[in-house]
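What follows is a walk through one protein model, taken one helix pairing at a time. Keep the sequence and the coordinates open while reading.

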Amino acid sequence: MPLKLYIKRFIKSHGIVKSIWVLLTDGVCVYLAAFLAMVLRTDFAVLAKAHFTSKEYIFIPALILGVRLLFSLIFNIYKIVVRYTNATDIFRILLSNIVGSALLLAINGVAFCFTKAYIIPLSIIVMEFFISSLVMIFY
């Protein structure tokens with residue numbers, strides 16, 4: 001059997017492509033949710049740069065995305081069949097987001113101990129939690 005055919009059968013039998021697409025979709029949703037939380041916090045004054053620098057508009061959503069993807073992998077959120085989400089899957093999504101938010105709060109606490117400044121404002125963590133949870137549950 002040719003290697004190309006073997007790889008196609010392996011990917012199809014293990015559902016790797018579907019899982020990767022779900023993980024990428026979750027990542028895009030989380031990044032957009034974090035960016036939307038930042039925009040909402042600044043009252044849509046993104047260009048005014050009164051609250052955040054342009055680097056923070058990239059760094060903060062990227063940090064949140066990294067934490068969310070980590071816990072998505074730990075809780076196997078990407079393996080959930082999107083069409084048949086049940087109460088157990090919703091609980092896993094919420095638990096993953098709660099634990100991820102707790103880690104973000106812990107990162108903030110450690111950063112505050114050393115630098116006397118928070119990396120991510122609390123309001124952004126809370127808004128991003130609700131936005132990303134709703135989007136991940138309802139898509």
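Start at Leu 105, which lies in helix α4, the stretch of residues 87–115. The model is a predicted one. Is Leu 105 buried, partly exposed or exposed? Its relative accessibility is 41%, so Leu 105 counts as partly exposed, because that class runs between the 20% limit for buried and the 50% limit for exposed.

Leu 105 belongs to a nonpolar surface patch together with Leu 122, Val 126 and Phe 130. The accessible area of the four residues together is about 380 Å². Helix α5, residues 122–138, supplies the largest share of the patch, with three residues.

The patch leads to the packing of the two helices. The axes of α4 and α5 are 10 Å apart, and the packing angle is about 160 degrees. That angle makes α4 roughly antiparallel to α5, since angles over 145 degrees fall in that class. The handedness of the α4 and α5 crossing is right-handed.

It helps to place these helices in the whole chain. The protein has five helices and zero strands, and its elements read α-α-α-α-α from the N terminus. Of the 139 residues, 32% are buried.

Charged pairs come next. Side chains of opposite charge can pair when their charged atoms come close. How many salt bridges does the structure hold? There are two salt bridges in the structure.

One of them joins Arg 68 and Glu 128, whose closest N and O atoms are 2.6 Å apart. This pair links distant parts of the chain, with Arg 68 in helix α3 (residues 56–74) and Glu 128 in helix α5, 60 residues apart. Both partners fall under the 20% limit for buried residues. Arg 68 has a relative accessibility of 4% and therefore counts as buried, while Glu 128 is buried with a relative accessible area of 0%.

How do the two helices that carry this pair lie against each other? The axes of α3 and α5 come within 12 Å and cross at roughly 55 degrees. That makes α3 oblique to α5, because the angle is neither under 35 degrees nor in the range from 65 to 115 degrees, nor over 145. In passing α5, α3 makes a right-handed crossing.

The salt bridge between Asp 89 and Arg 92 has its closest N and O atoms 3.9 Å apart. Where a link within one helix is concerned, the spacing is the point to check: Asp 89 and Arg 92 are three residues apart in helix α4, so about one helical turn separates them. Asp 89, at 11% relative accessibility, counts as buried, whereas Arg 92, at 26%, counts as partly exposed.

A last contact involves helix α2, residues 16–41, which contains Cys 29. Cys 29 counts as buried because its relative accessibility is 18%, and the limit for that class is 20%. How far apart are Cys 29 and Ser 132 in sequence and in space? They are separated by 103 residues along the sequence, yet their C-alpha atoms are 6.6 Å apart.

To retrace the route, the nonpolar patch takes in Leu 105 and draws its largest share from α5. Helix α5 is also where Glu 128 meets Arg 68 of α3.

Terms used: Residues numbered from 1 in each chain as written. Predicted model: local features only at pLDDT ≥ 70, side-chain atom pairs only at ≥ 80, totals over all residues. Heavy atoms only, no water. Patch = residues over 30% accessible without salt bridge, like charges linked within 9 Å, V, L, I, M, F, W, Y side chains within 5 Å. Areas by Shrake-Rupley, 256 points an atom, 1.4 Å probe, with all protein chains shown as cover. Salt bridge = Lys/Arg side-chain N within 4 Å of Asp/Glu carboxyl O. Helix = DSSP H or I, 4+ residues; strand = E, 2+ residues; numbered from the N terminus. Buried < 20%, exposed > 50% of the residue type's maximum accessible area, 1.4 Å probe, protein only. Axes fitted to C-alpha atoms, helices over the stretch in contact; angles between N-to-C directions. Left-handed = near helix turned anticlockwise from the far one by under 90°.
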